[in-house]
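This report covers nonpolar packing, a surface patch and model confidence.

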Amino acid sequence: MRNSWTEREYFMNSSTNSKHRNSGEGSSIDRKTAFLQQLPFFHETALETLRLYAYLASMEKFPAGEPIVVQGEPADRMYLLISGKVGICADHHGRQFHLQLLAPDGVSYFGELALLAEFDWFFSATALTDATVLTITREAFHRVMEKYPEQLPKTVSRIIKLHVELFVDQTHYLLDHLKEEAWRECGSEQ
Amino acid sequence: MLITRRPLFYWVLTRHRPLQLLLLAVILVSLFFRVFPLEMQKRIVNEAIHLRNEQLLFLYCALYIGAITLASLLKYLINVMQTVIGQKILVGMRNELYHHILQLPLQFYRKMQPGTVISAMTAELNAIGLFLGGALAIPVTSILTFLVFLGFMFSLSPLLTLLTVIVYPFELVVIPLLQRRYNRFNKKRIRNTRAMGNIVNEAVSGIHEVHSNSSFALEEKRMAAYVDRLYHILKKLFVVKYGMKFANNMFQSFGPFILFLVGGYLAIHGQFTLGALVAFLSAYEKIYDPWKEMMEYYQEYQDASVRYRQIMKIFDLPPEHPLLPEGREPYRLRGDIELKGTGFSVGAVKLLEGITTRIRPNEQIALVGFSGSGKSTLALLIAQLYNASHGSILLDGREINTLSKADISRNITMISQQPFIFTGTVRDNLLYAVRAGGDDKNLPDRSRLLSLVREVGLEEDILRFGLNMVPPRERIMPLLDKFLHMRSIIQGELNEQFAGIIEFYDCHYFLTYCSLRDNIIFGDSLSGEFDTEHLPDNKVFRKLIDERGLEGDLVALGLDIARKTVHLLKDIGEDEFFFERSPMQADELENYATLLDDLGNGSPRQRQHRNRLLLLALRFIPGRHSIVDLPEGLDDRILSTRHYFLEHLMGVDIEACFTSTSRLRETGALASLPMFTDQRDFIPFCPTEYLYRHSLKDNIFFGGTIRETPDEERLYAVAMEAFARQGLRDEILDIGLDFEVGSKGDRLSGGQRQKVAIARALLKDTPILIMDEATASLDNQSQALIQKLIDTRYRGHKTIIAVIHRLDLTPSYDRIIVLRAGTVIEQGSYAELMDRKGVFYELVHKQ
């Protein structure tokens with residue numbers, strides 16, 4: 001059962017506790033835009049489009065241990081990690097295998113393919129520490145692309161490049177953590 | 001006698017006789033008062049004036065005016081009575097005709113356009129009504145009047161009388177000739193009007209085709225042709241009609257001409273008194289009235305006759321089966337069906353031939369076959385909706401065409417592929433078949449209705465309908481405790497699950513997922529005076545925000561929202577998706593853009609501008625509208641304004657509200673509602689309150705929606721289960737049954753319509769059930785559900801004949817009959833037919 005904090009808890013806490021909400025950084029669209037601008041993915045995107053995505057994006061907080069996405073459920077959005085650490089696991093023959101660690105300073109996103117196609121999550125993502133994410137839904141992405149169709153080919157290619165990066169990072173992570181005996185060098189196929 | 005064979009005058013002579021006799025009496029009396037003034041006229045001239053007797057003058061004048069007044073009053077009474085009688089007869093005619101029409105066999109309706117039937121039952125019958133009232137009275141009166149006046153004239157001068165009356169025989173010849181022409185045109189007019197009605201009916205019934213093919217011009221052309229033709233027919237019709245009037249008038253003018261000529265000559269030669277001449281003239285003029293009335297009567301009689309014939313002709317078919325059995329109660333059959341060489345042909349085409357088989361009581365039969373193999377036809381024959389052309393069908397050993405409709409409907413229920421759903425509530429539709437049995441006192445009780453709804457798989461849908469309805473106050477009041485109980489379950493027992501998707505109304509806190517309006521007003525007004533759109537002009541509200549210093553902040557917030565929304569979305573246009581996160585609506589973008597242009601960089605000063613910006617702020621939901629952030633500190637000020645508003649302006653017991661909210665949150669318990677005998681207008685969002693203008697869902701979940709997630713479905717299921725445990729779910733279902741399904745059930749999906757039809761049939765609970773592809777529009781899961789229902793619940797209780805397309809549903813049937821080109825080519829159980837590896841086997845493998 002999901003129990004993520006949303007903007008509400010964020011605001012609730014700030015009104016009953018301290019006022020760290022509006023620390024003079026401008027409106028939340030500005031904050032989200034600023035965050036998006038830092039991502040390599042959005043480096044070439046026009047500011048206006050970026051603001052639109054920021055407007056359509058939602059910010060969510062997950063306490064440590066909460067699942068963010070569950071393998072098998074329909075995938076409908078991309079997740080961008082603002083803070084905290086997220087672990088990626090996959091179920092294989094009934095056992096959960098840890099595949100990757102995501103952090104804001106490294107590869108800090110997942111679900112980028114959900115923007116392009118309909119499928120079920122083929123892995124689970126869990127917040128290892130308290131984590132804050134920014135999500136963009138497939139629908140929002142499609143609607144924006146409908147308005148700016150000339151940007152679509154470039155954007156698709158960027159998404160695919162992102163996925164490649166993610167996959168490469170995952171492979172390296174796995175190989176780093178596997179015992180050497182388990183390695184199977186190419187040429188020795190069985 | 002069959003209603004359609006009755007002559008028009010049957011209705012006149014056999015209905016409302018006392019009233020008609022009364023009318024006759026009144027007419028006769030008025031007759032006297034119409035002749036009397038004539039005599040007075042004569043005397044006035046001959047006696048009073050001639051003898052210079054003022055007394056007599058006054059007397060006769062008084063009598064004259066008295067008689068005329070009375071005659072007029074009586075005429076008024078006669079007109080009214082005539083119309084009343086006519087309409088009364090019409091009532092009888094309509095009801096009896098409808099009774100007849102409804103029973104006409106299905107084949108009739110296959111060829112008949114609804115437009116024709118409608119036109120016949122309504123407009124065309126209307127026209128006859130007018131005639132019927134005076135059908136007896138007018139001719140009697142007119143003839144009598146005519147004869148009386150004629151007699152009077154004869155008493156004055158036989159010669160003159162004969163001379164002036166000579167015209168009439170001519171008319172008796174000419175007029176009927178013209179009338180025959182008129183009748184021809186009249187018939188054409190009726191046919192044309194009916195055709196027009198049919199075209200309109202077709203276009204409207206198939207309006208989605210018209211729209212999707214953009215065939216507007218085509219349809220208009222079709223109609224225009226008929227409109228044009230109608231115009232031409234009417235033109236000719238009235239030319240003839242007025243022609244007759246003209247002819248009549250011309251003939252009439254000869255009369256006075258002759259009168260003056262001959263009468264004057266006689267008067268000059270002293271053979272005729274002046275008084276008599278005057279009286280004669282009067283009488284002559286007066287004689288025209290009944291003559292004219294007879295003429296008009298003749299025309300109207302022809303008109304009405306033609307219309308009447310036209311109406312009755314189209315329905316002139318005897319009903320195939322009597323409604324009720326004669327001299328006995330309807331049978332209760334066991335469900336034994338026997339077909340002996342049954343065949344059905346339409347013209348030369350044989351749809352079914354030589355069907356011979358026996359179906360035992362409680363056997364479950366599947367009818368399968370290729371398209372056009374006659375499966376549906378066979379089903380219709382067994383249901384007595386069609387009549388076999390050859391062979392016989394026996395139900396419990398009795399020939400089916402000896403059975404009355406009542407026998408059939410008590411024992412056979414048929415579910416067709418495209419069920420007809422009537423306008424009304426779901427409940428009305430479910431009970432339709434049962435009510436048709438005429439037994440309004442033995443309607444199934446609620447638990448039977450609900451269990452059937454469950455069995456056919458409609459429960460989810462009905463629950464959803466119920467949750468989204470806003471039931472009227474009278475409906476809610478007896479169940480108030482139950483709904484509040486549901487609310488307390490959500491916030492108590494199920495708090496953990498729901499806290500993530502609903503922000504419960506809580507008087508202590510500012511609510512992030514509710515609008516600013518909800519946060520300030522924190523309640524609902526039954527009269528609507530505190531609705532968001534009315535607030536800027538509401539005096540109480542105005543005073544409130546001015547006094548609390550909120551007005552400026554709210555307008556500033558509205559301005560911020562307007563600026564950012566317009567800036568961000570002006571190039572996007574009016575796409576609603578993009579406006580979900582702003583309180584501005586898509587179609588308001590342009591207006592606000594103009595407003596901002598007008599303001600430039602300045603702040604809004606005009607009241608009108610400020611109000612429009614205020615509206616944006618009031619609609620703003622901080623948790624959803626990410627376009628701006630709520631300014632620092634505004635939430636606290638809004639909260640305190642709310643408390644002030646509730647306690648001091650609305651007189652709400654705010655302490656009680658606080659207490660009950662805290663208690664609910666902490667213990668999950670809800671204090672029972674204090675009973676208010678007087679209806680208050682304002683209802684705050686306190687846990688003990690019910691919001692009558694909100695849906696059931698809003699009242700049970702009682703809060704703002706945090707987000708719409710796929711989890712929601714699962715959580716609703718959890719909630720419903722919790723309610724069911726307390727016996728509360730049935731209340732929601734009961735309310736859901738009041739959902740209005742719209743014309744022809746168009747507010748229901750195809751699957752829902754079919755499930756309603758199935759439930760309706762099962763409620764009727766007859767020994768024989770015939771299903772003609774009744775589950776065809778359902779999804780696989782629902783089809784399986786219904787199939788399982790038949791297999792388990794109804795096994796051994798009903799004879800079932802199911803026309804089935806999906807062969808994987810057939811294994812559970814006792815016997816499968818395979819049809820091709822109207823004959824039975826294989827029969828047996830599923831296992832037998834598969835072993836045989838014949839036609840059925842092939843069919844199964846093709847699927």
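The sections below take these topics in turn.

## Basis

This is a predicted model, in which local features need pLDDT of at least 70, side-chain atom pairs count only at pLDDT 80 or more, and totals for chains, interfaces and linings use all residues. Residues are numbered from 1 along each chain as written, chains are lettered from A and ligands numbered from 1 in written order, and side-chain values use heavy atoms, without hydrogens or water.

## Nonpolar cores

The largest nonpolar core (buried Ala, Val, Leu, Ile, Met, Phe, Trp, Tyr and Cys joined through side-chain atoms within 4.5 Å; buried is under 20% relative accessible area, 1.4 Å probe, protein chains only) has 184 residues. A:Leu36, A:Leu80, A:Phe110, B:Phe498 and B:Phe723 touch the most other members. Helix H22 (residues 551–569) of chain B contributes the most, 9 residues; helices are DSSP runs (H or I) of at least four residues, and strands (E) of at least two, numbered from the N terminus. A separate core of 35 residues includes B:Ile3, B:Met81, B:Met93 and B:Met112.

Leaving aside residues up to four places away in sequence, B:Phe498 touches (heavy atoms within 4.5 Å) B:Ile490, B:Phe504, B:Phe701, B:Leu715 and B:Ala719.

## Partly exposed leucine

B:Leu144 belongs to helix H6 (residues 137–156) of chain B. B:Leu144 counts as partly exposed (between 20% and 50%) because its relative accessibility is 32%.

## Confidence in chain A

Chain A has a mean pLDDT (predictor's confidence per residue, 0 to 100) of 80, with 84% of its residues at 70 or more. Among its elements, helix H1 (residues 7–16) of chain A has the lowest mean, 40, and strand E8 (residues 119–120) of chain A the highest, 94. Residues 1–26 of chain A have pLDDT below 50. Where pLDDT is low, predicted coordinates should not be read in detail.
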